[in-house]
Amino acid sequence: MGAKIPILFVFVMLFALSSANPSMKKQYKPCKNIVLYFHDIIYNGMNAANATSSIVAAPHGSNLTILAPQFHFGNIAVFDDPITLDNNLHSKPIGRAQGFYIYDTKNTYTSWLGFTFVLNSTYHQGTITFAGADPIMQKSRDISVTGGTGDFFMHRGIATIMTDAFEGEVYFRLRVDIKFFECW
């Protein structure tokens, strides 16, 4: 019985060392990768004809058509934005980005996103669903791809989003680099 303990100890130590070494961890490669852009035009009280998003809830006492002061804390916006294959707002849309974002921090620009890409084109058919925190001031940030339908049935992965352009607080464009690590 005494010889079994040192052998068990050696196996436990080898396991601990192999899991502590980052070079030993498996590197995952995406099974599918696509890059899309979505364009958000925020309703400001004067642009109803081309607005694609609107603040639908705000802290008590703030104006729903002019964004709350400072970092927009407490504002909730819904959107129905065009998705394009390139960064041109006037390109033919291949689908819509539909969902909401909540400004959730009082001392910087951050939001929480929950949205779906609804794609209906010759390139892609189906939906891709996203959820996660968006620290807006960072150049790039990752959010979870939680699932999909159609061409993206049961797909999961990570989407790296970058603010590709913005015009004040009325327009912004996001570049979304989607890497699927589970493809059915």
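Good morning. The link of C31 and C183 is right-handed, with 85 degrees about the S-S bond. C31 lies in the loop between helix 1 (4–20) and strand 1 (32–41), and C183 lies in the segment after strand 9, so the pair ties together parts that are 152 residues apart in sequence. The sulfur atoms of C31 and C183 are 2.0 Å apart, and the structure holds one disulfide. Please keep in mind that this is a predicted model.

How exposed are the two cysteines? C31 is partly exposed, with a relative accessible area of 43%. C183 is likewise partly exposed, and its relative accessible area is 30%.

I turn next to a residue beside this link in space, E182. Its place is in strand 9. The C-alpha atoms of E182 and C31 are 6.8 Å apart, although 151 residues separate the two in sequence. Leaving aside neighbours within four places in sequence, which residues are in contact with E182? They are C31, M154, H155 and R156. E182 itself is partly exposed, at a relative accessible area of 33%.

One of those contacts, M154, deserves separate mention. M154 is found in the loop between strand 7 (140–148) and strand 8. The phi angle of M154 is near 60 degrees, which is a positive value in a residue other than glycine. M154 is partly exposed, with a relative accessible area of 39%.

Allow me now to set these details within the whole chain. There are one helix and nine strands, and along the sequence the pattern reads α-β-β-β-β-β-β-β-β-β. The chain has 184 residues, of which 35% are buried. Among contacts with a separation of 6 or more, 48% are between residues 24 or more positions apart. The accessible surface comes to about 11000 Å², and 63% of that surface belongs to carbon and sulfur atoms.

The next topic is the largest pocket. About 490 Å³ of space lies within it. Of the 22 residues that line this pocket, the closest to its centre are Y103, I136, T163, F166 and F172. Which elements give two or more residues to the lining? They are strand 4 (95–103), strand 5 (111–120), strand 8 (156–167) and strand 9 (171–182). Strand 9 supplies the largest share, three residues. Strand 9 is also the element in which E182 has its place. By class, the lining of the largest pocket has 15 nonpolar, four polar and three charged residues.

Finally, I should like to consider D134, whose place is in strand 6 (residues 125–134). Is D134 buried or exposed? D134 is buried: its relative accessible area is 5%, and the cut-off for that class is under 20%. By that scale E182, at 33%, is partly exposed. Not counting residues up to four places away in sequence, D134 touches T110, S111, L113, R141 and I161. For one of these partners, L113, the C-alpha to C-alpha distance from D134 is 6.7 Å, with the two positions 21 residues apart in sequence numbering.

To close, I return to the starting point. The disulfide of C31 and C183 has a sulfur separation of 2.0 Å, and E182 is in contact with both C31 and M154. The largest pocket has 15 nonpolar residues in its lining, and D134 is a buried residue of the model. Thank you for your attention.

Note on methods:
Residues are numbered from 1 along each chain as its sequence is written. This is a predicted model: local features need pLDDT of at least 70, side-chain atom pairs count only at pLDDT 80 or more; totals for chains, interfaces and linings use all residues. Side-chain values use heavy atoms; hydrogens and water are left out. On a 1 Å grid over the protein atoms alone, a cavity is a set of points where a 1.4 Å probe fits but cannot get out, and a pocket is an open set with protein on both sides within 12 Å along at least five of seven lines; lining residues have an atom within 4 Å of a point. Grid points are joined across faces, edges and corners, and a volume is the space filled by probe spheres set on the points. Helices (H or I, at least four residues) and strands (E, at least two) are DSSP runs, numbered from the N terminus. Ala, Val, Leu, Ile, Met, Phe, Trp, Tyr, Cys and Pro count as nonpolar, Asp, Glu, Lys and Arg as charged, and the others, Gly among them, as polar. Buried means under 20% relative accessible area, exposed over 50%, partly exposed in between (1.4 Å probe, protein chains only). A disulfide is a pair of cysteine sulfur atoms within 2.5 Å. Contact means heavy atoms within 4.5 Å. Accessible areas come from the Shrake-Rupley method with a 1.4 Å probe; for residues, only the protein chains shown count as cover.
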